[in-house]
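Me: I'm new to this one and would like a close look at a single part: the pockets and what sits around the ligand. Could you walk me through that, with enough of the rest to find my way?

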Amino acid sequence: MQTEQPQIPLDFLRYPDTEMLERAKSFHALLDRRRSVRRFSADPVPYEVIAEVVRAASTAPSGAHKQPWTFCVVGDPALKRRIREAAEAEERINYGGRMSEEWLEDLKPFGTDWQKPFLETAPWLVVVFKRAYELEPDGAKHQNYYVNESVGLATGLLLAAAHHAGLATLTHTPSPMNFLSQVLGRPANERPFLLIPMGFPAEGCVVPDLRRKPLEEVLVPFL
Ligand code: IYR
């Protein structure tokens with residue numbers, strides 16, 4: 001390999017085939033219990049748990065290892081309230097006609113509307129920002145690469161890590177979401193990507209009875 005970068009031995013665990021299959025199955029069983037939750041309990045969750053979940057997310061691969069993400073972790077009730085108010089102001093417009101009839105129809109199974117109480121109830125809001133580019137203190141701009149792919153991967157790991165730790169999440173997409181930059185005072189190179197409430201489900205929380213596509217519908221083998 002032609003590089004000046006120091007290289008270290010790969011820390012890799014190889015399992016026998018039977019154990020590999022067992023591990024693959026049990027990881028699927030874990031992930032298959034993850035559901036998007038829209039009714040949260042106000043029970044507190046230690047900040048340290050959320051920080052570790054973010055640390056796991058930040059192990060994601062990224063274009064040229066630029067790690068083009070910032071995770072704002074919001075527990076402050078006043079900030080959560082401002083985020084809820086701004087999100088609801090936009091969603092009122094969305095549900096009042098900005099979304100197409102087909103879109104509203106597609107959302108019916110989820111029972112969503114413009115009201116977003118979970119933005120105040122959940123103990124934590126993780127606001128994921130993508131870093132479109134990097135700014136040096138002297139004002140020089142540096143590129144990031146495959147930013148959407150990288151931040152999407154990191155967010156997937158964030159959801160899996162939260163679920164593994166025993167936390168419920170919602171992948172929330174207030175739209176438009178520029179208000180998050182203002183409320184959290186983020187710089188111009190950071191753009192809001194997703195808003196993820198984290199905490200415990202409310203007592204008696206229910207979720208829609210949805211089915212995941214069977215493997216045959218999503219996997220095309222070329223053996
Ligand atoms: N952002 C809106 C609408 C919405 C859109 C999709 I696509 C969803 O899967 C869920 C909601 C809202 O949060 O209500």
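**A look at the pockets**

Reply: Let's start with the chain as a whole: of its 223 residues, 34% are buried. Keep in mind that this is a predicted model. The chain has eight helices and six strands, and starting at the N terminus the order is α-α-β-α-α-α-β-β-β-α-β-α-β-α. Along the principal axes, the C-alpha atoms fill a box of roughly 55 × 55 × 40 Å.

Now for the part you asked about. The largest pocket holds about 620 Å³ of space, and 27 residues line it. Nearest its centre you'll find Arg 38, Tyr 95, Thr 112, Lys 116 and His 172. Two elements, α3 (77-98) and α4 (101-107), each give two or more residues to that lining. The top contributor is α3, with four residues. Sorted by class, the lining comes out as 12 nonpolar, nine polar and six charged residues.

Next, the ligand. The residues around it are Arg 38, Glu 91, Tyr 95, Trp 103, Leu 107, Asp 113, Lys 116, His 172 and Thr 173. Some of those names should ring a bell: Arg 38, Tyr 95, Lys 116 and His 172 are around the ligand and also among the residues nearest the centre of the largest pocket.

Three side chains are worth zooming in on. Tyr 95 has a side-chain N or O atom 2.5 Å from an oxygen atom of the ligand. For Glu 91, the partner is a nitrogen atom of the ligand, 3.0 Å from an N or O atom in the side chain. His 172 also faces a ligand oxygen, with 3.4 Å between that atom and an N or O atom of its side chain.

There is a second largest pocket too, with about 210 Å³ of space. Its lining is made of Asp 32, Arg 34, Arg 35, Ser 36, Arg 38, Phe 110, Pro 208, Leu 210, Arg 211 and Arg 212. By class, that gives three nonpolar, one polar and six charged residues. Notice Arg 38 again: it lines this second pocket, and it is also one of the residues nearest the centre of the largest one.

To help you find your way beyond the pockets, here are a few other spots. Asn 144 sits in the loop between β4 (141-143) and α6 (147-165). Its relative accessibility is 9%, so Asn 144 counts as buried. The Asn 144 side chain reaches the backbone oxygen of Arg 131 at 2.9 Å, and it also makes a polar contact of 3.0 Å with the side chain of Glu 134.

Some backbone details stand out as well. Most residues other than glycine have a negative phi, and most peptide bonds are trans. Here, though, Ser 175 and Pro 176 are joined by a cis peptide bond, with omega about -10°. Pro 176 belongs to the loop between β5 (168-169) and α7 (179-184). Over in the loop between α2 (47-57) and β1 (69-74) is Ala 64, which has a positive phi of about 50° without being a glycine. Ala 64 counts as exposed because its relative accessibility is 57%. Gln 67 is in the loop between α2 and β1, and it has a positive phi of about 50° too. At 32% relative accessibility, Gln 67 counts as partly exposed.

Last, the cysteines: the structure holds zero disulfides. Cys 72 counts as buried because its relative accessibility is 12%, whereas Cys 205, at 25%, counts as partly exposed.

Conventions:
Residues are numbered from 1 along each chain as its sequence is written. This is a predicted model: local features need pLDDT of at least 70, side-chain atom pairs count only at pLDDT 80 or more; totals for chains, interfaces and linings use all residues. Side-chain values use heavy atoms; hydrogens and water are left out. On a 1 Å grid over the protein atoms alone, a cavity is a set of points where a 1.4 Å probe fits but cannot get out, and a pocket is an open set with protein on both sides within 12 Å along at least five of seven lines; lining residues have an atom within 4 Å of a point. Grid points are joined across faces, edges and corners, and a volume is the space filled by probe spheres set on the points. Ala, Val, Leu, Ile, Met, Phe, Trp, Tyr, Cys and Pro count as nonpolar, Asp, Glu, Lys and Arg as charged, and the others, Gly among them, as polar. A disulfide is a pair of cysteine sulfur atoms within 2.5 Å. Buried means under 20% relative accessible area, exposed over 50%, partly exposed in between (1.4 Å probe, protein chains only). A residue is near a molecule or strand if one of its heavy atoms lies within 4 Å of it. A polar contact is a pair of N or O atoms within 3.5 Å; within protein, one must be able to donate a hydrogen and the other to accept it, and residues adjacent in sequence count only if both atoms are side-chain atoms.
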